Amino acid sequence: MTEPEAGRTAAHYSWDSIEPDHPMEKATRRLVKGDNAMVARFVLDEGLDVKPHVHHNEQITIVLEGRLLARIGTIGSDEIREQVLGPGEVIAFPPFAPHGFRALERVVAFDVFSPPSDKTGIDQG
């Protein structure tokens, strides 16, 4: 993860220069954190399953490659809605909206979170 240096007016990064982490098996993440938002670049292997969860961040997910199954709705209810997202599609979750994901194939995606935080739903465990 990278964070801007104090007193700077702008920060420039290359995704390739950011050290990746692996918050779950089958997930590679590179993260840039600002004062009011953060963006994560994910590569998700087929079969990755992020269980339904909630967090205080607003989350916007942008799929660049692959197909991602989004699960939306109340955890533990029969009212979970599923939406398949493909390249060029975006889904936005307000704070505390229950959601989860499953990679139907290899996926490259960006997640934008506001406000930034130390953990998100993929940091389970």
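**View 1. Asn57 and Ser117 share a polar contact between their side chains in this predicted model.** The two side chains come to 3.1 Å of each other. The Asn57 side chain has another partner too, reaching the backbone oxygen of Pro115 at 2.6 Å. To find Asn57, look in the loop that runs between strand 3 (49–53) and strand 4 (58–65). Is Asn57 buried or exposed? With a relative accessibility of 0%, Asn57 counts as buried. Setting aside neighbours within four places in sequence, its contacts include Phe93, Pro94 and Pro95, and also Phe113, Ser114 and Pro116.

**View 2. A cis peptide bond joins Ser114 to Pro115.** Its omega angle is near -5 degrees. Pro115 sits in the segment that follows strand 9 (107–114). You have met Pro115 already, as the residue whose backbone oxygen is reached by the side chain of Asn57.

**View 3. Four strands form an open, antiparallel sheet in the order 3-8-5-6.** Which strands stand at the edges? They are strand 3 and strand 6 (81–85); each has a single partner strand, so one side of each has no neighbour in the sheet. From one strand to the next, the twist averages 20 degrees. Strand 5 (residues 68–72) pairs with strand 6 in the antiparallel sense, over five bridges. Here you can pick out Leu69, which stands opposite Val84 of strand 6.

**View 4. Asp49 forms salt bridges with Lys51 and with Arg71.** Between Lys51 and Asp49, the N to O distance is 2.8 Å. For Arg71 and Asp49, the closest N and O atoms are 2.9 Å apart. This second pair links distant parts of the chain, with Arg71 in strand 5 and Asp49 in strand 3, 22 residues apart. Arg71 is buried, at a relative accessible area of 15%, while Lys51 counts as partly exposed at 46%.

**View 5. A network of salt bridges links Asp21, Arg29 and Asp123.** Within it, the side chains of Arg29 and Asp21 meet at 2.7 Å, N to O. Arg29 is buried, with a relative accessible area of 7%, whereas Asp21 is partly exposed at 31%. How many salt bridges are found in the whole structure? The search finds seven.

**View 6. The largest nonpolar core holds 23 residues.** Leu44, Leu48, Val107 and Ile122 are the members that touch the most others. Two or more residues come from each of strand 1, strand 2 (38–44), strand 5, strand 7, strand 8 and strand 9. Strand 2 gives the most, with four residues. In soluble globular proteins, nonpolar side chains tend to be buried together. Ile122 is a good place to start looking: leaving out residues up to four places away in sequence, it touches Leu44, Leu48 and Val50, among others. Its other contacts include Pro23, Met24, Ala27, Arg29 and Phe42.

**View 7. Lys26 and Phe96 each have a positive phi value although neither is glycine.** For Lys26, phi is near 75 degrees; for Phe96, phi is near 65 degrees. Lys26 is found in the segment before strand 1 (27–33), and Phe96 lies in the loop between strand 7 (90–93) and strand 8 (99–103). Lys26 is partly exposed, with a relative accessible area of 36%. Phe96, at 56% relative accessibility, counts as exposed.

Terms used
Residues numbered from 1 in each chain as written. Predicted model: local features only at pLDDT ≥ 70, side-chain atom pairs only at ≥ 80, totals over all residues. Heavy atoms only, no water. Buried < 20%, exposed > 50% of the residue type's maximum accessible area, 1.4 Å probe, protein only. Polar contact = N/O pair within 3.5 Å; in protein donor to acceptor, adjacent residues only side chain to side chain. Contact = heavy atoms within 4.5 Å. Pairing = 2+ DSSP bridges. Axes fitted to C-alpha atoms, helices over the stretch in contact; angles between N-to-C directions. Core = buried A, V, L, I, M, F, W, Y, C linked by side-chain atoms within 4.5 Å. Salt bridge = Lys/Arg side-chain N within 4 Å of Asp/Glu carboxyl O.
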